[in-house]
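Colleague: I've got this model open and I'd like to learn how to read it. Can you walk me through it?

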Amino acid sequence: MRIKLDRTLCDGFGLCAKHAPEYFPLDDWGYASLQGDGNIPAADEDAVRRALLDCPVHAIIELKDTRAQREAG
């Protein structure tokens, strides 16, 4: 799983930090940042997916690997 965080969409609800604090630390104003490069190990996918699904402004985006999809197709 690969994700990105669009900080321009983040409104500081903090639900992502509740579900996956090691990936979404909050700054001094309560806005999330993405810790790491966006590659999520399988063991952490459930927590990060819950953060993605619970974000009310959809600031967390799952990236699809279109190159792998083209090669498979």
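Modeller: Sure. Let's start with a term: a residue is buried when its relative accessible area is under 20%, and exposed when that area is over 50%. Keep in mind that this is a predicted model.

Colleague: Okay, what is the order of elements from the N terminus on?

Modeller: The protein chain runs β-α-α-β-α, with 3 helices and 2 strands in total.

Colleague: Let's take helix α2. Which residues are buried there?

Modeller: First the general idea: an α-helix has 3.6 residues a turn, so residues three or four places apart point the same way. In α2, which spans residues 45–54, the buried ones are Val 48, Ala 51 and Leu 52. Viewed down the axis of α2, these buried residues fall within an arc of 100°, so they line one face of the helix. Asp 46 and Leu 53, on the other side of α2, are exposed.

Colleague: And what covers the buried residues of α2?

Modeller: The cover includes strand β1 (2–5), helix α1 (15–19) and strand β2 (60–63). For the protein chain as a whole, 27% of its 73 residues are buried. Among contacts with a separation of 6 or more, 64% join residues 24 or more positions apart.

Colleague: How many cavities of 30 Å³ or more does a search of the whole structure find?

Modeller: The search finds 1, holding about 100 Å³ of space. Its lining has 16 residues, and Cys 10, Phe 13, Gly 14, Cys 16 and Cys 55 lie nearest the centre. By type, the lining divides into 12 nonpolar, 3 polar and 1 charged.

Key
Residues numbered from 1 in each chain as written. Predicted model: local features only at pLDDT ≥ 70, side-chain atom pairs only at ≥ 80, totals over all residues. Heavy atoms only, no water. Buried < 20%, exposed > 50% of the residue type's maximum accessible area, 1.4 Å probe, protein only. Helix = DSSP H or I, 4+ residues; strand = E, 2+ residues; numbered from the N terminus. Arc of directions from axis to C-beta. Contact = heavy atoms within 4.5 Å. 1 Å grid on protein atoms, 1.4 Å probe; cavity = no way out; pocket = protein on both sides within 12 Å on 5 of 7 lines; lining within 4 Å. Points joined across faces, edges and corners; volume = space filled by probe spheres on them. Nonpolar A, V, L, I, M, F, W, Y, C, P; charged D, E, K, R; others polar.
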